[in-house]
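Please look through the sequence and the model shown here before reading the report. The text then takes up strands, turns and a pocket in order.

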Amino acid sequence: VQLQASGGGVVQAGGSLRLSCAASGLTFSRHAMAWFRQAPGKEREFVATINWSTYYADSVKGRFTISRDNAKNTVYLQMNSLKPEDTALYYCAASPIWGAIVAAKRDYRYWGQGTLVTVSS
């Protein structure tokens with residue numbers, strides 16, 4: 001299984017970025033997909049997940065939108081109104097748990113390599 005994340009970069013506060021994660025080697029349509037992030041010196045934290053529904057961390061609700069294209073085996077994270085505190089390495093992840101919303105790191109079996117998002121003030 002491979003998860004290839006892309007789309008990170010440097011943006012000013014208030015700006016937008018769109019992350020993509022292309023998956024291969026798994027039945028994409030039957031996996032929950034998620035984005036996590038890890039800021040320097042902090043633990044990796046949940047950002048958003050999608051199966052047949054979506055669920056967001058409170059810190060990004062209303063600013064970030066997760067979506068998926070099962071035909072392209074790709075999950076996206078549209079990030080608007082970015083803040084300096086959103087600066088982190090963003091990871092995509094896949095979980096075989098389909099029947100519930102999963103937000104815990106331990107429930108995700110596959111991880112991508114991360115893409116860096118830097119928001120300047």
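The report below describes paired strands, two loop residues and the largest pocket.

This is a predicted model, in which local features need pLDDT of at least 70 and side-chain atom pairs count only at pLDDT 80 or more, while totals for chains, interfaces and linings use all residues. Residues are numbered from 1 along each chain as its sequence is written, and side-chain values use heavy atoms, with hydrogens and water left out.

Strands are DSSP runs of at least two residues, labelled E and numbered from the N terminus. Strand E4, residues 32–38, is mostly covered, since 6 of its 7 residues are buried, where buried means under 20% relative accessible area, exposed means over 50%, and partly exposed lies in between, with a 1.4 Å probe and protein chains only. Two strands count as paired if DSSP finds at least two bridges between them. The pairings of E4 and E7 are set out here.

| Strands | Bridges | Direction | A facing pair |
|---|---|---|---|
| E4 and E9 (residues 88–95) | 7 bridges | antiparallel | Arg37 and Tyr90 |
| E4 and E5 (residues 45–50) | 5 bridges | antiparallel | Phe36 and Phe46 |
| E7 and E8 | 6 bridges | antiparallel | Arg68 and Val75 |

The hairpin of E4 and E5 has 6 residues between its strands, and Gly41 there takes a positive phi near 75°.

In a regular strand the side chains alternate between the two faces of the sheet. E7 shows such an alternation: Phe64, Ile66 and Arg68 point to one face and are buried, whereas Thr65, Ser67 and Asp69 point to the other and are not buried. With E8, strand E7 forms a hairpin that has 4 residues between the two strands.

Most residues other than glycine have a negative phi. Asn73, in the loop between E7 (64–69) and E8 (74–79), has a positive phi of about 50° although it is not a glycine, and Asn73 counts as partly exposed because its relative accessibility is 24%. Ser81, in the loop between E8 and E9, likewise has a positive phi, near 50°, and is partly exposed with a relative accessible area of 41%.

The largest pocket has a volume of about 150 Å³. A pocket is an open set of points on a 1 Å grid over the protein atoms alone, where a 1.4 Å probe fits, with protein on both sides within 12 Å along at least five of seven lines, and lining residues have an atom within 4 Å of a point. Among the residues that line the largest pocket are Arg37, Gln38, Lys42, Glu45 and Pro84.

Technical notes
Points joined across faces, edges and corners; volume = space filled by probe spheres on them.
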